[in-house]
Amino acid sequence: MVGMTMMRTWVEPVVAGSQVASAFYDTALLLVVKNYYNQTNSTAPSHLLQDAQQKAVSNFYIIYNLVLGLSPLVSAYGLSKLGDKIHRKIPICLPLLGYLGSKSLLLLLILLDWPIEVMYGAAAFNGLTGGFTTFWAGIMALGSLGSSESRRSLRLIIIELVYGLAGFLGSMASGYLFVGFSDRYREGTVLVSCSIACYAFCLLYSIFVLIVPKSAPSCTAKAKSVEEVGGQVTACTGAAESAQPSESSSKAPVTPSKFIIIILFVAAILYDLAVVGAMNVLPLFLLREPLSWNAVQIGYGNAAGYAIFITSFLGVFVFSKYLRDITMIIIGVVSFTTGVLIMAFVRWTFLFYIARAVMLFALIPLPTIRSMLSKHVEGSSYGKVFVLLQLSLVITGVVTSTVFNKIYQSTLNWYSGFCFILSFLAGCLSLLPLSIVAIKQRSTTGSFQILTE
């Protein structure tokens, strides 16, 4: 009975189901938009038609990503505060309801031949119900609640691993599902229907099965800065000191280190700028010459991207035994920046996969930054802090997506990999605040050891 209750605290089924659904939807939307702007009846040269199609698809995604990114600003923070104060499942269930409704609009668009602009309304509905911003902050809050400080980095990267494995499987199947039933149904009908079914499962599971874990016992009193402690070192009291350990002794007060929190936010934003900039133009890059990938190849390419979740998990699993969190983050940043620099010179399919292979630790930085942040705030503030970080990343992503898509359009004819070089430079910049955190931690650790001698 206890084991069954413990299993019901796992958020992994929701993460897996929603990510399979997202992988299906992303592939379907890209190919539906591509087909919508396909000018097959024109007599213009093929390369001009391809450039015109690329710009039309790029312009669609500029507006779509703007709406999708900005609309959560209205509701995300409020939903996360409700999650902290009323019930932790609110920031998970409401976004899933929004996903279900917005993805249904794509199915109606395919079946009823609606104009592609309908998807702007779908993006707005998705965002106003919280979107990924609120959903992922809620998932991270539940994952942090059920884990100790020493195991939190590993716990959060396991959630990211499940996310990646689900995306890998969804991407592998998405290309075949998109074209495999085209003889009986319109292209994309089966794929989008599968996406909707997965979201429905996640919503029902979250409402009726998932339960909120109790806060794990922590020794967070040591997180107070050495200057504030003034030479007094507080040890973590045992559970025996209180008749209610889960309510009192397990929630030792935490004094946030504002400087570290701000620097970690800056590092996360800069790194996300690099990742979003590269990943937003990557689908367009793959559709155009010299690669000119089809639906199945795009599915394989997306699957290669999701494989990074596996290698990043293995990296954290091994590195966490020997290295500090900040060192693992730096390794992840270096991995991504090296890979994206190679991507800038991709002209053949095999080189794309080499670039992806070099990015093997690229998913380590953000979940590890979240883990570090959780060690500097109270458990009751996890949802608020995580959603503030997610909102910062969303705003960065919206601006980055718009700017990089415009740059991609402008550099399309003379050097299509230029955006990847910009992404490389942004990734290198994120190493500066991370270095400051590393130096700060090293000096604090040294002072702490002197005081305890």
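1. Ile-395 lies in helix H16; helices here are DSSP runs of H or I with at least four residues, numbered from the N terminus. The model is predicted, so local features need pLDDT of at least 70 and side-chain atom pairs count only at pLDDT 80 or more, while totals for chains, interfaces and linings use all residues. Residues are numbered from 1 along each chain as its sequence is written, and side-chain values use heavy atoms, with hydrogens and water left out.

2. On the surface, Ile-395 joins Leu-70, Leu-73, Val-399 and Val-403 in a nonpolar patch with about 380 Å² of accessible area together. Such a patch takes residues with over 30% relative accessible area and no salt bridge, nonpolar side chains being joined within 5 Å. The areas come from the Shrake-Rupley method with a 1.4 Å probe. Helix H16 (residues 382-411) gives the most to this patch, with 3 residues.

3. The count of salt bridges comes to 3, each being a side-chain nitrogen of Lys or Arg within 4 Å of a carboxyl oxygen of Asp or Glu. One links the side chains of Glu-12 and Arg-155 at 2.6 Å, N to O. Glu-12 belongs to helix H2 (residues 12-36) and Arg-155 to helix H8, so the pair ties together parts 143 residues apart in sequence.

4. Helix H8 (residues 152-180) packs with helix H15 (residues 365-374) at an angle of about 140°, the axes being 9 Å apart. Axes are lines fitted to C-alpha atoms over the stretch in contact, and angles run from 0 to 180 degrees between N-to-C directions. The contact (heavy atoms within 4.5 Å) includes Leu-156 and Ile-157 of H8 and Pro-367 of H15.

Notes:
Helix = DSSP H or I, 4+ residues; strand = E, 2+ residues; numbered from the N terminus. Patch = residues over 30% accessible without salt bridge, like charges linked within 9 Å, V, L, I, M, F, W, Y side chains within 5 Å.
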